[in-house]
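Please walk through the model below, beginning with the surroundings of a single residue and moving outward to cores, a sheet and a helix.

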Amino acid sequence: MKLPFWPRNKTSFSSNSKSYAKPLRLIVLLLLLGLSGYIFYLDVTIREAFEGRKFALPARVYGRALEVYPGLKLTPAQFVEELKRVGYHENPQPEQAATYKYTVTGVDFTSRDFVFGDGPQAAQHVRIEFAEGRVSLLQLRGDTPADLPILRMEPPLIGGIYPGHNEDRELLRLDQVPKPLIDSLLAVEDRKFYTHWGISPRGIARALYKTVTGQRIEGGSTLTQQLVKNFFLTSERTLSRKANEVLMSLLLEMHYDKDVILETYLNEIFLGQDASRAIHGFGLASHFYFDRPLERLELQEIATLVGMVKGPGVYDPRKHAENALKRRNVVLQEMVSQNVITQAQFVAARQKPLGVIQRAPTGTSPYPAFLQFVQRQLQHDYREEDLRSVGLRIFTTLDPYIQHQAETALQQRLTALEKARKNAANTLEGAVVVSSTQNGEIQAVVGGREARYAGFNRAIDAQRPIGSLAKPIVYLTALEQPERYTLITPLDDSALVWKQRGTTDWKPQNYDRQFHGQVQLRTALAHSYNVSTARLGIALGIEHILDKLPRYGIDRQPPPFASSMLGAYDLSPIEVAQLYQTFADNGFRTPLRAIREVVAADGKPLQRYPLNVEPVAAAAPVYLLTAALQGVVSEGTAQSLANWLPAELHVAGKTGTTDELRDSWFAGYSGDHVAVVWVGRDDNKPTGLTGASGAMTVWGEMMKNIQPEPLQPAVPEDIETVNVDPLSGLRYESDCKAGVLLPFIKGSAPAEVSPCGTPSADAVKTGDNAQVKPADVKHGDVKKDAEKKNWFQRLFN
Amino acid sequence: MINRYGLILISAWLLLLGGCQSVPTQPVAGGAVAQQPGEAASVAPEPGPVMSNNRAVIALLGLAQRDSAAGKPETAGASLERALRIEPRNPWLWHELAQLRLTQGQYAQAITLAQKSSSFAGSERHLQALNWRLIGNARVAQGDSAGAEQAFQRASELEQAGS
């Protein structure tokens with residue numbers, strides 16, 4: 001199409017050719033081209049910024065929603081603590097959403113509308129009563145109260161995943177913004193907003209004048225210009241910057257209508273800083289300064305926020321209350337003179353205090369370690385930019401109550417240990433992971449003693465040798481062969497030298513530097529004997545044992561040496577939790593989960609992370625292993641756990657101590673929780689702590705406060721309980737009081753029945769299947785002394 | 001209200017399970033739950049086992065049944081998981097979840113969950129039989145006819161021993 005014109009142009013050019021006109025035209029043309037190119041570049045830049053920012057909404061991360069129902073173990077104090085956690089306020093008339101009041105036997109409250117992953121739940125007026133530490137009544141209040149079988153509370157917000165420069169915001173549509181806010185904003189910042197082209201010629205003239213006269217360039221910005229400035233946050237005030245701003249403002253106005261620009265402005269404008277988190281937009285600022293949604297702000301509070309636009313730092317109502325108050329009143333004054341409010345409203349508003357809440361609601365997560373784990377899980381399924389910008393709502397498994405107990409126990413015990421051992425303060429570090437036994441949901445993650453600090457996350461990233469925590473794998477492998485091994489099979493605990501190609505000779509030692517001759521299998525595990533365990537592992541086959549790790553959810557492959565069986569390889573606390581989860585869950589492996597579901601900003605469910613169970617070990621051997629691990633607590637290296645937990649809980653667990661006492665571990669489980677604690681130093685120096693004197697005390701303190709359910713594993717059908725002599729392992733008649741009841745896989749119990757003999761003093765036992773203190777036949781007395789000493793040491797060293 | 005609705009659906013559901021028992025070799029893949037509960041409910045109901053004494057759990061079971069019938073298995077699964085958080089050792093809940101996975105075509109999960117149900121079932125032979133039948137159906141769907149036959153055999157033995 002163009003071609004036919006070309007020759008004609010060419011002719012007209014040539015006919016006009018004078019020697020100087022040609023280059024001049026060319027220069028003008030190039031200049032024009034350059035300018036339009038530049039404008040085009042600005043246009044693309046500003047549109048990209050505008051489109052991008054318009055939708056940049058952080059992901060919101062929620063903890064577990066508390067489910068309340070009659071019979072639930074819950075105290076009024078715990079319940080109110082939860083109400084406060086989800087932002088409820090006390091009110092003598094608790095009829096508004098998110099308000100409550102105490103009654104004689106409980107609490108009356110009104111819940112909020114909330115959109116869960118499975119749909120919306122409407123606000124309800126509820127009465128809850130308590131008796132004997134449990135919920136005794138739950139009903140809808142009203143003229144005819146109706147019983148509620150269950151109520152799901154709103155989940156606590158535990159953090160966000162923010163875009164770019166840690167910008168947080170709460171997106172509002174223009175029609176959600178109260179009119180007084182818009183009116184006052186326009187009155188103060190840009191009266192001609194709805195009529196100008198994006199710039200104020202008078203403002204620009206003034207700016208130019210000031211530049212020419214050498215004064216500071218300031219003011220004169222329309223909302224559009226402010227928005228443009230906000231996109232490219234910089235304090236630079238040069239003429240070229242100003243020129244860009246003007247051009248971009250004009251371009252913005254060409255592309256978008258006023259309401260869209262205003263809406264974006266309201267969501268975009270910078271209104272404060274909370275540590276590393278930037279507070280953007282009036283929606284979030286309302287929560288940040290007044291802990292209420294925008295539509296519930298009073299006039300003077302709106303004026304305070306509008307006043308801050310001029311300078312969020314200078315007029316920060318927390319840091320510079322006086323400035324903020326003055327500025328607020330200027331705004332109110334402006335509003336009344338523009339007839340936005342009446343004189344009476346003005347007088348009333350002016351007299352009120354600022355009313356800012358002193359402590360901002362935590363925005364950057366109070367649970368950084370947990371949040372980090374969530375984020376890593378999400379990164380498998382979502383693009384980083386989507387996490388940060390499309391307003392996903394992420395429902396997680398964190399239980400703030402359990403998390404609190406875990407944090408407190410770690411902090412207090414580490415401080416106490418340092419004090420008792422006269423160590424320098426803050427040299428010990430630690431990590432805790434707690435999950436739910438039956439479904440693998442992670443309830444708490446503590447990444448260090450400073451739980452609020454988002455630094456090195458030891459729960460996930462600290463790889464430490466696990467020591468004796470690895471032993472249950474050896475014993476489970478043995479117990480899976482009932483024709484060879486039972487809980488009372490004698491093991492050889494005599495000196496061992498193991499030669500293996502590729503590594504130096506291995507001479508495992510016991511912690512007490514002694515050998516114990518023949519010991520029963522359960523005793524060897526209870527006292528964590530290294531030598532008998534090593535011999536057992538060698539008999540079973542080193543590779544055979546190490547090859548099982550992936551089955552239990554451990555992907556790391558330890559070196560193929562015999563020492564690996566005793567835990568000479570590194571795992572993180574969360575990996576150990578995965579390992580013990582399978583033992584706690586009767587041989588079913590459930591991948592640990594921190595996320596239940598992800599929901600789009602509009603409430604549409606995007607992804608669920610359903611319970612996934614895989615049988616990886618037969619139930620009966622795992623049952624025996626659990627019995628042996630209960631023995632660790634009732635009579636073995638973890639006996640002093642009795643200082644924290646009553647014996648009736650029958651918790652199972654294992655201590656772990658590594659060379660030169662560098663790492664102190666405890667992993668264990670109750671009927672409802674699996675928990676792992678690691679204690680050590682970041683510089684990997686010895687701590688002087690064994691598993692029992694360090695990590696186990698944290699575990700005990702934490703579990704005591706969590707109040708776990710007793711551990712009573714379901715008895716697999718191929719398990720029988722047999723009365724045996726605890727020393728010789730011979731079978732007794734079932735009515736023989738001298739015996740002890742132990743579980744066996746059917747067909748593996750000793751067949752020969754011996755007469756009910758006189759038991760040794762150690763072996764007296766009455767009835768139930770709680771394990772007696774086992775004693776090694778040959779070294780019983782000697783060992784007992786050693787045990788006492790160890791126990792004493794464990795407790796006080 | 002949820003509660004009453006739930007109970008009706010649960011009894012309908014149990015009847016459907018009963019229906020499955022009479023045709024053991026037919027897999028129920030494709031939706032035992034979705035098969036017109038109304039029709040099944042018109043059959044004179046036998047008193048079913050009490051799946052839980054906890055009203056919260058019963059209410060959640062009702063929700064799960066409703067969502068499952070409405071073709072929302074994911075939501076139904078979420079409600080069952082909520083119930084399991086309250087009663088993690090309730091074998092009926094595990095069985096329900098197994099059944100749901102079966103209808104979703106997740107046969108391996110269905111089998112595992114049925115095993116898990118049985119691990120908590122203790123002496124409830126009736127439920128153990130239901131679990132074996134479910135495992136049989138899942139194995140049929142997986143193409144493991146020998147394994148399925150074994151499972152159905154176990155189920156029959158348990159049913160006979162129980163009666």
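Apart from its neighbours within four places in sequence, A:Ala675 is in contact with A:Val432, A:Val433, A:Val434, A:Gly668, A:Trp699, A:Met702 and A:Met703, where contact requires C-beta atoms, placed from the backbone, to lie within 7 Å. The model is predicted, and local features need pLDDT of at least 70 and side-chain atom pairs count only at pLDDT 80 or more, while totals for chains, interfaces and linings use all residues. Residues are numbered from 1 along each chain as its sequence is written, and chains are lettered from A and ligands numbered from 1 in the order in which they are written.

A:Ala675 is also among the residues with the most contacts inside the largest nonpolar core, which has 129 residues; such a core is a set of buried Ala, Val, Leu, Ile, Met, Phe, Trp, Tyr and Cys residues joined through C-beta atoms within 7 Å, and buried denotes 20 or more other C-beta atoms within 10 Å of the residue's own, C-beta atoms being placed from the backbone. Its largest share, eleven residues, comes from helix H22 (residues 619-635) of chain A, helices being DSSP runs of H or I with at least four residues and strands runs of E with at least two, numbered from the N terminus.

An open sheet of five strands in chain A follows the order E18-E17-E29-E28-E27 with antiparallel pairing, two strands being paired if DSSP finds at least two bridges between them. Strands E18 (442-446) and E27 (652-657) of chain A are its edges, each pairing on one side only.

Conventions
A residue is buried if 20 or more other C-beta atoms lie within 10 Å of its own, exposed if 12 or fewer, and partly exposed in between; C-beta atoms are placed from the backbone. Two residues are in contact if their C-beta atoms, placed from the backbone, lie within 7 Å.
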